[in-house]
Amino acid sequence: MDLLLFGEYLLKALLMIFGVMSIAGYAVLVERKVAGWIQMRPGPNRTSLPFIKYIPYIGIRLIRLGLFQPLADVGKFVFKEEPMPGHVNKLYYILAPCISFIPAMTTMTVLPIGVFNDRPMVLANLDIGILFILAVSSLGVYGIVLAGWSANSKYPFLGGIRSSAQLISYELAMGLAILPIFMWTGGTLNIFDAVQSQQHLWFGFIPHWGIIWQPLSALIFLVALFAETNRLPFDMPEAETELVAGYNTEYGAFKFGIFFVAEYTHIVIGSAVFTLLFLGGWTLPYIDYPEGYIGAGLSVAVFLAKVFMLVFFFMWIRWTLPRFRYDQVMRLGWRVLLPLAIGNLIFYAIAIAIYEQFN
Amino acid sequence: MAVKVVERKPLTWAERTYLPQVASGLRITFRNMFKPHVTLEYPEERPDIPANYRGIPTLVKDPNGREKCVSCQLCEFVCPPKAIRITPGAIADDSPNAHVEKAPQEFEINMLRCIYCGLCQEVCPEEAIWLQNIYSFSGYTREEMVFKKQKLYEIGGTLPDQHFKWDKKKAAAEHGPTH
């Protein structure tokens, strides 16, 4: 019996890893396609598997969409020669990609992806879910700092320093921005409860999503999320026009690939967290899911659709905005977002207290 | 001259948040996504080559299928990178064109040296060498890139002019000296 339970958990975990990894892999493709479309190019459109082009009608369209490009990318990373510069600190040089990858994958254990008969579909339904995510995901910066330090050359070093400064600056605003959501759910830090609290309607027609009744929190969290995931306009650690390739200048082949996948996994997980906290997770206003497997499937599909839209938004922002200067990043973090987040927290604390007084 | 002072208005509150600007930027990039692509997908789609384009130089034949080159070697002399090498020779006696003009026994253009300047075309008195609109050629060896006479004629084809210089010269030769 215990073995059966273990097997079930293992299966779920593998499914989750497979899902997140393939979404992260295809996020790379989406990035390249969106980059192409925004710049009026077609994007990757040649890669193909054998015989795909003989499928009538859809075959050529699949190729034009570049659906097989991620496979080719992975193949390239795996089979490339792996050079290791002589001047690096070998242990930390090898450790750094792993350290940046593991936190990105660990956070998904507490992410609920749907609802099954009012129970969350999640690997571990922790009561401190969001704390766990914040704590573990910020460990990812150690990978970047270690990469910058162990590479023993100046551009990675600058990238590592920038990354740690940026993470510390935006972590505070990020944490403070999501507190009002959890004040509302009544003291629990469980993500599932936070999502379920967004299900009902205000005055019968306004969906109770975080982004609607806490737009400022959502904005601060979103900006901080961009900074935490090192995405443009906050890609200080990489900053290819200033720092060659930032922290992964000295990396190549599969180690670079791990950094790459870790970045996109961070984006997917970050989008998922934003969806859960501010976009109502798998809930849709005015619609109740049926019981059982159909409802569960629907909830997962809606959740994934929202996550994909947010991932697209990440790409869209990247190809729209130029990079901030380093001092602008710091000023935005400390002198704008942090006071805003504190003010926002105080406002909602008072507002929620008053609301509960009269109900 | 009047000096126009550009007024630098202080940013409004909305502008200082940057959010309207971000939104308008996002609108522009989103619109771009649905515009037609400007990419030319090269090997399948080729650019339109304008007339008088200077591509690779080749030899041409006249409408009767005779080679126009008389191996005067002007192109060989004018060629700045010395890409052309001509071995002159007589036309074989059993040919119907014998005793009319000379012809190159061998005509080589080294496409690795050629700079597509078009001086050979300009200097040719017989309009026998023409620059085509072909601009990309590749090969695996250096020898392959030295184009021989046969290949040059294959690429060059026929020039549809109406001079028929060979016919005139042959008629004149059969007629004999006029004085």
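Q: How many residues of chain B are in contact with chain A?
A: This is a predicted model. In it, 11 residues of chain B are in contact with 9 residues of chain A.

Q: And what classes of residue are on the chain B side?
A: The side of chain B that touches chain A has 5 nonpolar, 5 polar and 1 charged residues.

Q: New topic. In what order do the strands of the chain B sheet come?
A: The order is β2-β3-β5, in an open sheet of 3 strands. The pairing is antiparallel.

Q: Which strands stand at the edges?
A: β2 (84-90) and β5 (146-147) of chain B do. Each has a single partner strand, so one side of each has no neighbour in the sheet.

Q: How many bridges pair β2(B) with β3?
A: There are 7 bridges between β2(B) and β3 of chain B, residues 102-110. As one pair to look at, Ala90(B) stands opposite Lys102(B) in β3(B).

Q: What holds strands like that together?
A: Strands of a sheet pair through backbone hydrogen bonds.

Q: Which helix lies across β3 and β5 of chain B?
A: Helix α5 of chain B, residues 149-156. It runs at about 85° to β3(B).

Q: Switching to cores. How many residues are in the largest nonpolar one?
A: It has 86 residues. Ala177(A) and Phe221(A) are among those with the most contacts inside it.

Q: Which helix gives the most to it?
A: Helix α10 of chain A, residues 253-278, with 15 residues.

Q: Back to Ala177(A). What is it in contact with, leaving aside neighbours within four places in sequence?
A: Its contacts include Ser217(A), Phe221(A), Ala224(A) and Asn344(A).

Q: What other core lies apart from the largest?
A: One of 20 residues, including Cys124(B), Leu131(B) and Leu152(B).

How values were computed:
Residues are numbered from 1 along each chain as its sequence is written. Chains are lettered from A and ligands numbered from 1 in the order in which they are written. This is a predicted model: local features need pLDDT of at least 70, side-chain atom pairs count only at pLDDT 80 or more; totals for chains, interfaces and linings use all residues. Two strands pair if DSSP finds at least two bridges between them. Helices (H or I, at least four residues) and strands (E, at least two) are DSSP runs, numbered from the N terminus. Two residues are in contact if their C-beta atoms, placed from the backbone, lie within 7 Å. Axes are lines fitted to C-alpha atoms, for helices over the stretch in contact, and angles run from 0 to 180 degrees between N-to-C directions. Ala, Val, Leu, Ile, Met, Phe, Trp, Tyr, Cys and Pro count as nonpolar, Asp, Glu, Lys and Arg as charged, and the others, Gly among them, as polar. A nonpolar core is a set of buried Ala, Val, Leu, Ile, Met, Phe, Trp, Tyr and Cys residues joined through C-beta atoms within 7 Å. A residue is buried if 20 or more other C-beta atoms lie within 10 Å of its own, exposed if 12 or fewer, and partly exposed in between; C-beta atoms are placed from the backbone.
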